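Hi,

Here is the structure I promised to pass on. Have a look at it first, and my notes follow underneath.

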Amino acid sequence: MLDPKLLRDNPDVVRAAIAKKHMDVDLDAVLAVDTAWRALLGEVEQLRAKQKAANNEMAALKKGSPEFIAKVQEMKAVSAEVKAKEEGLKGLEEKWHHAMLTLPNIPHASVPEGRTPEDNRVHATHGDPAATSAHAMPHWEIAGFDRIIDFTRGAKVTGAGFPFYVGDGARLVRALIQFFLNENSAAGYTEVNPPIFVNATSATAVGQLPDKEGQMYQTVEDNFYAIPTAETPLTNFFRDEIVDEEALPIFRCAYTPCFRREAGSYGKDVRGLNRLHQFDKVELLKWVHPSRSYEELDNLRHDAERLLQKLDLPYRVLLMCGGDMGFAQAKKYDLEVWAAGQKRWLEVSSCSNFEAFQARRAQIRFRNKETGKPELVHTLNGSGLAVPRVLAALLENNLQADGRVKIPAALVPYFGKDFLTFK
RNA sequence: GGAGAGGUGGCAGAGUGGUCGAAUGCGCGCGCUUGGAAAGCGCGUAUACCGCAAGGUAUCGGGGGUUCGAAUCCCCCCCUCUCCGCCA
């Protein structure tokens, strides 16, 4: 959510942000609701002040006295008026809130103009995609692939997009998770093992509700939501809290399975491991002082990049343009790994600075040591990393002529052997 | 799942219809005192919203209701604790 004061004092800044993100928002309607809400709020508060004053008078009066009875009669009318106006106020408040939630975050000045993925800027490329493609083929075509990653049995047991990982497949998943967690811990992120269901309040606080209602799995009995990312429980950890300024910055990482219904997905994006309903991911989260959030965005991205470097996987860094960066982000980098068999880049991490946008909605603050006043923290997050696509890239890029897959040196201690086989 | 007890400010803990944003204690901050400190004394110490301001309003787990008026009464929900049952 944006600062309401920014909207009132500088509507043009908001207007420019909407344009840069190529969104269609009726800003004037939002402003009108804001004005109407404030006007009615003033009226109601005036009436309530009247009630309060009368209340004090009546406390001093003798109960049952003629003055008292007269006052009760008088205040009955006021009470009815308050009740009526409060109803209108409640309606306006709801409208106001919804209206505010339609306003996207302001893109940082360094975010490039643009509308589509083609307008994203390639910030950097590491490794040589061409060098990997000797025996490459899409991972789902590799002989024996379905023995270690079994989509057919998964579809029988649950549904499409819920594969079984078997043998070396399961082993590689476990190795990657632990590799990521260990590396991130060493980089200063405290490891957290969060709940993988959240309640509606938490889903709302990070903006998954109401917008993405249909994208989450929901439990019938308790109305919980299966998390689409560890960001959801982790960001909510400090919801409605005020932390000490010295506690910042706070770095955390978490491994969780992630659940996404992916309603509306289709096409070749969904082949093999590219897009699943359940997948494993390690997520990185930062809560930082507002003055440091862009520095920390770079650090966050480097932390995620280092994982790909250690796995010897070619990748590129995209700086997302205004039109492709998402609603809540102020600046966002995507990390894409090269999948030699598919001959395409797969997104494995998305590193974003939300500035105070998330924190305002979730009310995550720190106490400014100098002023003693609470201020909103800046939040950042990024994957470090998403497992299935890294797995896909490893299978495709490292496939040997003999049909085995070479395990990168950094991963061997976790995997326990130098080659993966499709048995 | 059943029975019971609770949820009040940073913490502890009063308050069962009105003058209560809320006693008191602890903690914290400032001042006095002191050679310095402790003790003692005094003052202060939540958050949000509206308003140019003066100021106003809201908040006692959450939501709804009764009432001229609710921390206090009624209903629903959530959470914590104790006992029983069940279970990994």
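Helices (H or I, at least four residues) and strands (E, at least two) are DSSP runs here, numbered from the N terminus. By that count chain A has 13 helices and 17 strands.

A bit of housekeeping: this is a predicted model, where local features need pLDDT of at least 70 and side-chain atom pairs count only at pLDDT 80 or more, while totals for chains, interfaces and linings use all residues. Residues are numbered from 1 along each chain as its sequence is written, and chains are lettered from A and ligands numbered from 1 in the order in which they are written.

On to the core. The largest nonpolar core (buried Ala, Val, Leu, Ile, Met, Phe, Trp, Tyr and Cys residues joined through C-beta atoms within 7 Å) has 89 residues, and Leu176, Val337, Trp338, Leu385, Val390, Leu391 and Ala393 touch the most other members. Buried means 20 or more other C-beta atoms within 10 Å of a residue's own, with C-beta atoms placed from the backbone. Helix α12 (residues 387–397) contributes the most, seven residues. Domain 1 (4–101) and domain 2 (117–420), with bounds from an automatic or database domain assignment, both give residues to this core, so it lies between them.

Then the RNA side. Of the 20 residues around RNA strand B (C-beta atom, placed from the backbone, within 6 Å of it), Arg48, Ala49, Ala59, Met75 and Ser79 come nearest. Helix α3 (27–60) and helix α4 (66–101) each supply at least two residues of that surface, with α3 giving the largest share, 13 residues.

Cheers

Definitions and conventions
A residue is buried if 20 or more other C-beta atoms lie within 10 Å of its own, exposed if 12 or fewer, and partly exposed in between; C-beta atoms are placed from the backbone.
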